[in-house]
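Q: Let us go through this structure label by label. For each one, I want the value and the cut-off behind it.

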Amino acid sequence: MSGNIELLNTTLAATRAAGRAALIAYLPAGFPTVDGGIEAVKAVIAGGADIVEIGLPHSDPVLDGPVIQTADDIALRGGVRIADVMRTVREAHEATGVPILVMTYWNPIDRYGVERFTAELAEAGGAGCILPDLPVQESALWREHADKHGLATVFVVAPSSQDARLATITAAGSGFVYAASLMGVTGTRASVGAQAQDLVGRTRATTDLPVCVGLGVSNAAQAAEVAGFADGVIVGSAFVKAMLDAPDEAAGLAAVRSLAGELAEGVRKR
């Protein structure tokens, strides 16, 4: 069965044709529970998210700040497994028709098996993977299987990436390019900063792929700012924090749906 890279491509083309950036939400699988996590994905989509990244909880999430680390810890202590990640992708996609990607570090895929992981993700209806710690020069095996199964390979670029390095990364990727707005870990920020706009411009000079910005966006004003120069606005920690701060799961679902609505308005006010 082929994955949904084409759905991802057409979704990003449609938002661009509409003159706006896509809103991309991130939520970890298994948080606060597997079922609760699936409902949270549905809630952010109902609120206005165009695309969703499902985090594969990991014990050493080097890119993630304390908010997502806390959610990952809750999921891992709850016994989340890769099968639960695939179930989250499947049920969220079947319920909404929205492109769903998995964001994961390389070690879990390596241990699980690249062919097995890509085949199962495609069968679940996944659109691809974001792989923040997989070096491009070591990615040939992954890309071979991802291409075979119709999955996007999204690489992360950072403000420190030199232009030649950007060209190497974007030439190997598909779907979109994840531009980290700043050096550091995930988390909400008071300001997204000018570094992001410069990085988007330098990245676009190397590729026709959409360039989507993550790390730090937490409110409608920041979403509007980033939407003014990027093809997509990626929000993770703000959604996770809304769930963590809620007194119960129902309140958490209402909170993330409301936040998605505010952010969706933001990307349309660019």
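Q: What makes S6, H8 and S7 a unit, and of which hand?
A: In this predicted model, strand S6 (residues 156-157), helix H8 (residues 163-172) and strand S7 make a β-α-β unit. The unit is right-handed. With the strands pointing away from the viewer, the path from S6 over H8 to S7 therefore runs clockwise.

Q: How do you know that S6 and S7 pair?
A: Two strands pair if there are at least two bridges between them. S6 and S7 have two bridges, in the parallel sense, so they meet the cut-off. In this pairing, Val156 stands opposite Tyr178 of S7.

Q: What makes S7 and S8 a pair?
A: Four bridges join S7 to strand S8 (residues 211-214), in the parallel sense. At least two are needed, so S7 and S8 count as paired. Val177 of S7 stands opposite Val211 of S8.

Q: Which way do the residues of S7 point, and are they buried or exposed?
A: S7 spans residues 177-180. Val177 and Ala179 point one way, Tyr178 and Ala180 the other. All four are buried. In a regular strand the side chains alternate between the two faces of the sheet.

Q: How do you know that the buried residues of H8 lie on the same side?
A: The buried residues are Leu166, Ile169, Thr170 and Ala172. They cover an arc of only 160 degrees around the axis, so they are on the same side of H8. Ala164 and Ala171 are exposed, on the other side of the helix.

Q: What covers the buried residues of H8?
A: The cover includes helix H7 (140-148), S6, S7 and H9.

Q: Which residues of H9 are buried, and why are they said to share a side?
A: H9 covers residues 194-204, and its buried residues are Ala196, Leu199, Val200, Arg202 and Thr203. Their arc around the axis is only 170 degrees, which puts them on the same side of H9. They pack against S6, H8, S7 and S8.

Q: Why is Gln162 called exposed?
A: Exposed means over 50% relative accessible area. Gln162 is at 57%, so it counts as exposed. Gln162 is found in the loop between S6 and H8. Its C-alpha is 9.8 Å from that of Thr203, and the two residues are 41 apart in sequence.

Q: Why is Gly252 called buried?
A: Buried means under 20% relative accessible area. Gly252 is at 1%, so it counts as buried. Gly252 lies in helix H12 (residues 249-268). Leaving out residues up to four places away in sequence, it touches Ala242, Met243 and Ala246. Gly252 and Gly36 are 216 residues apart in sequence, yet 9.6 Å apart in space, C-alpha to C-alpha.

Q: How do you know that Cys129 and Cys212 are in no disulfide?
A: The structure holds zero disulfides. For Cys129, the nearest cysteine sulfur is that of Cys212, 16 Å away. For Cys212, the nearest is that of Cys129, again at 16 Å. A disulfide needs sulfur atoms within 2.5 Å, so this pair does not qualify.

Q: Are these two cysteines buried or exposed?
A: Cys129 is buried, with a relative accessible area of 0%. Cys212 is at 0% too, so it also counts as buried.

Q: What makes Tyr112 and Phe117 an edge-to-face pair?
A: The whole structure has three aromatic pairs. A pair of aromatic rings is described by the distance of the centres and the angle of the planes. For Tyr112 and Phe117, the centres are 6.2 Å apart and the planes make 90 degrees. The cut-offs are within 6.5 Å for a pair and over 60 degrees for edge-to-face, so both are met. Tyr112 is buried at 17%, and Phe117 is buried at 0%.

Q: Why is the pair of Phe117 and Trp142 called tilted?
A: The centres are 6.3 Å apart and the planes are at 55 degrees, so the pair is tilted. Stacked would need under 30 degrees and edge-to-face over 60. Phe117 lies in helix H6 (residues 114-123) and Trp142 in H7, so the pair ties together parts 25 residues apart in sequence. Phe117 and Trp142 are both buried.

Q: Which residues do the ring pairs link into a cluster?
A: The cluster consists of Trp106, Tyr112, Phe117 and Trp142.

Key. Residues are numbered from 1 along each chain as its sequence is written. This is a predicted model: local features need pLDDT of at least 70, side-chain atom pairs count only at pLDDT 80 or more; totals for chains, interfaces and linings use all residues. Side-chain values use heavy atoms; hydrogens and water are left out. Buried means under 20% relative accessible area, exposed over 50%, partly exposed in between (1.4 Å probe, protein chains only). The arc is that of the directions from the helix axis to the C-beta atoms. Contact means heavy atoms within 4.5 Å. Rings of Phe, Tyr and Trp (its six-membered ring) pair if their centres lie within 6.5 Å; planes under 30 degrees apart count as stacked, over 60 as edge-to-face and the rest as tilted.
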